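Work through the exercises below with the sequence and the structure at hand. Each task is followed by a solution in steps.

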Amino acid sequence: MLAAGLAGGQPPLSTLDTSGEDARAIAGVFWWMASGAAVVWLIAVGVLLYCLAGHRRIARTQARRIVVAGGVVTPLVLLAVLVGTVLPGVSRLVDGAPPPAAFVVRVAGERWWWRVSYPLSDGRRVDLANELYLPLGRTTHLELSSDNVIHSFWIPSLAGKVDMVPGRTTHLTLEPTRAAAVRGVCAEYCGASHARMAFDAFVVEAAEFDRWLQAESRQAASPESAAARDGAAVFAASGCGACHTVRGTGAAGTIGPDLTHVGRRRRLAAATLSNDDDQREHWLERPDAVKPGALMPGFAALGAPRLTALSAYLRELR
Amino acid sequence: MTPPGALDRPHEPDMREDAATLDTRRAQEARLAAAWRVPTGWRYWSAVNNTVVGQWYIALTLMFFAFGGVLALAMRLQLAVPENTLLAAEHYNQIFTVHGSVMMFLFAIPIFEAVSIAFLPAMIGARELPFPRLSAFGFWAFAIGGLFLCGSLAFDAAPKGGWFMYPPLTSGYQPDIGADIWLLGFSFIEVAAIAAAVELIVGVLRSRPPGMRIDLMPLYAWYVLVAAVMVLFAFPPLIAGTMLLELERALGWPFFDPRGGGDPLLWQHLFWIFGHPEVYIVFLPSVALVAMIVPTAARQPIVGYTWVVLSAIGTGFLSFGLWVHHMFTTGLPGLTLAIFSAASAAVAVPTTVQFVCFAATLLTGRPARSVPMLFIAGGIATFVIGGLTGVMVAMAPFDLQAHDTFFVVAHLHTVLIGGTVFPLLAGLYYYYPLIGGKGLSDRLGRWSFWLSFVGFNLTFMPMHVLGLLGMPRRVFTYSAGLGWETLNLVATAGAFILAAGIAVAAWDVVRPKRRAPLLPRNPWQAGTIEWLPPQPNPSWGMRMIPAIASRYPLWDQPSLVRDYDEGRGFLPDAEEGRREMLVTSTVDAAPQQCLRIGGPTFLTLWAAVAVGSMFVFATFKRYELAALSTAVSLVLVLTWLWTGTGAIPEKATKHVGFGVELPLYLRGRDAVGWWAMCITMLAVLTAFLSIVFGYFFYWTLDADFVPGAARAQGGGALAAAGGAVGLAWALTLGARHWNAADRGRAFYASVLAGAAIGAGAVATLSWALAASALDPTASVYAATVWLLVAWCAVHVGLGVVMQVYCAARRFAGRMTAGHDIDISNTALFWHFAAATVGITMAVLVGFPAVS
């Protein structure tokens, strides 16, 4: 069944199809334990069926010896082997202190999206949302937090999950092993749209990563098409800037995701919709229909032409 | 199989001398039937007989199980295909919350208490449990609380925080009433669960038949004892946690809000200190059923009785040290994770011991095939999978991936269905003949098993894979293209097959059986004495209380059946028309007392309604009505105690058979009431200590948790109150002494002075809070101080009520020098009050001074 489930290509959230050091180590532990468990189960059920069949009666003294050997000694030995093999690896997975040169990316859980902040070489930081790029061959250190409810940050193919607990800062170190486009999700139930809180994660070559960060750190592009210029005006007039930042314009809100380069993102609404015109307009019109309980109000009242213009503006924020 | 040192009785009974003639036997039976009669008509609902209340309890828990199952089907329908719009997110979130909560709090835990109330007395040869009215009260509380919770779903007002209700989601982000319904509704049900636990502990320890030493009692009694003790220590941390969370929601005391210095993780600790033992509270009593059925099937005594008992106790102990494995992803250090991982894995050892004992028992016999054994075999095969995946998720590295995914959903259902539901179905098929003497159908039983077994595997095996493919739990829908579609569809189909299997068993139970033949007595040829009475059994429970000399008396004591039928045992009569049972000593089961217990009453129902109203009104923030309900509850409970407990018998002793003369009234530490009080107070103290745990938890987070200014403040008032409580306690002890010495004036002076000083202490504590500069909404330190001090005030206030009650009892002639249960229980209560106040002083005044 496992094989059947895994046969359909490479599921982007699989814990077993790994692209990171931690996930690789854990998948190894999983296969090891699962095989052992399968053997133990087969033996246990075989013994049970044999006992039920009543082929042979044994004496009570012999039965008591079976209790000691099978009930006490065997599990103690098996568990000692398991604990001795698996647990020494725990510390490496969770205690990873940031090495001096590690690059510290901050991720904060919001309802229901991810606020991401990358350090730049000049010491400034650049705010992004709902996408994570990771340079291959480098270690990325994440600082995780939340100022609202508890979320849990999880990219299954890279590493185990770590909770984002209000009032605390938690940490996760990622060591990608291969270039990949994978997904992350919120693993801790966080309210109405918990199911709609995902993100895309891209492991790319270091040079490509540097180019990407360079591009992300730039101010927003000026709208080129006429529709986009109209959209920029709609954006300003509708008060979008109260919640969203578009660097280089007057919009400097921090309640919602930064939109400076939203046009470059693969997906919208915390990786729930694809970033095309139809879905973008649908989102602007009724965010609540996509993400129940979303804090962003709907803008259906703007009417179709202005929504199309607004959507064009967002598309050109590349 | 007769163990060494068989029944040790002072006077060997002479069977011929005691043998009753047929006529006197008929007369005895008529008197017994009258005393134990279950009321008819609308008064039926005032019954307190354990068999009747137990059946109500079982029926209601099974209805809640069915309700939870229907909710599960709704969830599976929603998840059958990606982007399904059958259920809106908010409805789905309510449904999974109610499903989990109902299955845990309204099915899994209460079913063990229900089955035990119904059958435990028969298994230990008792006519009743010592506090039948408490069982009835517990049942009504459970019924009211359960219906309140389930009903909320119909009004779209159900809780939606998940069954473990993590703040801050449930404190600051769900302002609607659902979370309050969860917090207060379950607090009420937890009170009922603790009431049942007290009843079962005292029942197992003090109402066994003469000769049934503690190492002869049926394994079921051992398991129930362990589970009930676990309830006693596991539920209070949750009750304390719910109190903190409700105080944060209703009054803004920031226990879990980091802005006020609180921490959401404290809830997780308190919840899982409850939540992990809870898993074993659910599991152990079901294993207990297996431990009763397997020897019957093998026709052989259990192999490794001592091993099984020690394993059950060991599991209980270990389960209190594992809770952190639910918190592996919260950012704890690796060493902590490794320690709790190893401890969690260790629990597999006692579990294995028990199953190997069962297997070895089967090997010593030629197991008969039966529907109960089919369910047990399927249950074990399933449970072993759950146990193995349990060891896997116990290993922190794998848990970092598996936590909060469908892998865990699959694991916990495999454990609970394999380890609890299948054994319960086995128990249903096995014990059904004890209710009326007719059996369930073998054919339907086999259908039920195979449908359930196949459906179960189709539902939950794919979920393991879904978890590995990254599907988080508690998602109302999912996108296509993640490799989850087929597996989810299969799981949904499986869920309906599983439901069909359960439905077949349900039909087997409710289908009319008028034409079905009565089964022969002891249809499974079991060795334990619940099979001794012929069925259908009159409402007296046991015709007489047998003397026991073996773990399997029906196999080893050949004259037992005849003696039973001829009434040759203890208490074969109800000469005074009263309900009577034997109280025996804890270890040796030597007869100590002929205990008279309460008969039918509506007081228990009204008391449950009043206490329930208190919680319901508090949920709707109608605090004035809640206060009124509290007052009514107090009046009803006092009426119940006044009329129904500690009655002075018309004679000192009574002949209970075989020349044994037993007292009708026991004083001091031998009284079952003293035991119940002591056990209850241990639970109360545990809840209090959970709050103290919170205090030190905050202190470990922030060494400046105690503000410098607070160190000096209010210490004087607290010390004064502490001194007053000490004095009131001493006066209570004095009152107990003078009452026993029959010095009435000294007694009244002492007990009333104690009450006055106690009231003064309550006033001082209240004043100290009101006058202090501590604002409980501003900081978690202030909130904790308020709660600890208020806890002391309420505790001492109840102590004052009890002191006044004792004075009134003596004044009314219901308490005398030789009949002093009331004052000795009050003194016991005051020991705990003094300890609580002392600990509070040490924490609030002493600790800041030394730290």
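**Exercise 1.** Place B:K621 in chain B, and state its phi and its exposure class.

Solution. Step one: B:K621 sits in the loop between α20 (603-619) and α21 (623-644) of chain B; helices are DSSP runs of H or I with at least four residues, strands are runs of E with at least two, and both are numbered from the N terminus. Step two: the phi of B:K621 is positive, about 60 degrees, although the residue is not a glycine. Step three: the relative accessible area of B:K621 is 38%, so B:K621 is partly exposed (buried means under 20% relative accessible area, exposed over 50%, partly exposed in between, with a 1.4 Å probe and protein chains only).

This is a predicted model, in which local features need pLDDT of at least 70 and side-chain atom pairs count only at pLDDT 80 or more, while totals for chains, interfaces and linings use all residues. Residues are numbered from 1 along each chain as its sequence is written, chains are lettered from A and ligands numbered from 1 in the order in which they are written, and side-chain values use heavy atoms, with hydrogens and water left out.

**Exercise 2.** Describe the loop residue B:M165 by phi, location and burial.

Solution. Step one: phi of B:M165 is near 50 degrees, a positive value in a residue other than glycine. Step two: B:M165 belongs to the loop between α5 (132-154) and α6 (169-172) of chain B. Step three: with a relative accessible area of 0%, B:M165 is buried.

**Exercise 3.** Which residues do cis peptide bonds join, and in which loops do A:W112 and B:P536 lie?

Solution. Step one: in chain A, the peptide bond from A:R111 to A:W112 is cis, with omega near 0 degrees. A:W112 lies in the loop between β1 (103-110) and β2 (113-119). Step two: in chain B, B:Q535 and B:P536 are joined by a cis peptide bond with omega about -5 degrees. B:P536 lies in the loop between α17 (485-510) and α18 (553-556).

**Exercise 4.** Give the location, burial and contacts of B:T61 and of B:N84.

Solution. Step one: B:T61 is part of helix α3 of chain B, and its relative accessible area of 0% makes it buried. Step two: not counting residues up to four places away in sequence, B:T61 touches B:L106, B:F107, B:P110, B:I111, B:A114 and B:F142 (contact means heavy atoms within 4.5 Å). Step three: B:N84 lies in the loop between α3 (50-79) and α4 (89-123) of chain B. B:N84 has a relative accessible area of 18% and is buried. Step four: leaving aside neighbours within four places in sequence, B:N84 is in contact with B:L77, B:Q78 and B:T477.

**Exercise 5.** Are A:V162 and A:V40 buried or partly exposed, and what does each touch?

Solution. Step one: A:V162 lies in strand β7 (residues 162-164) of chain A and, at 10% relative accessibility, is buried. Step two: leaving out residues up to four places away in sequence, A:V162 touches A:L144, A:S152, A:F153, A:T170, A:H171, A:L172 and, from chain B, B:T329. Step three: A:V40 is in helix α2 (residues 21-53) of chain A, where 30% relative accessibility makes it partly exposed. Step four: apart from neighbours within four places in sequence, A:V40 contacts A:L78 and B:L388. Step five: A:V40 and A:A207, 167 residues apart in sequence, are 49 Å apart in space, C-alpha to C-alpha.

**Exercise 6.** How many helices and strands does chain A have, and why is it described as more spread out than a compact globule?

Solution. Step one: chain A has nine helices and twelve strands. Step two: its radius of gyration is 26 Å, well over the 20 Å that the globule rule gives for 318 residues, so chain A is more spread out than a compact globule (the radius is taken over C-alpha atoms, and the rule is 2.2 Å times the number of residues to the power 0.38). Step three: the C-alpha trace of chain A spans about 90 × 45 × 40 Å along its principal axes. Step four: of the 318 residues in chain A, 52% are buried.

**Exercise 7.** How many residues does each chain bring to the contact, and what area is buried?

Solution. Step one: 93 residues come from chain B and 82 residues from chain A. Step two: about 7,000 Å² is buried between the chains, with carbon and sulfur atoms giving 72% (buried area is the accessible area, 1.4 Å probe, that two parts lose on being put together, summed over both). Step three: in chain B, the residues losing the most area to chain A are B:L363, B:Q401 and B:L468, together 11% of what that side buries.
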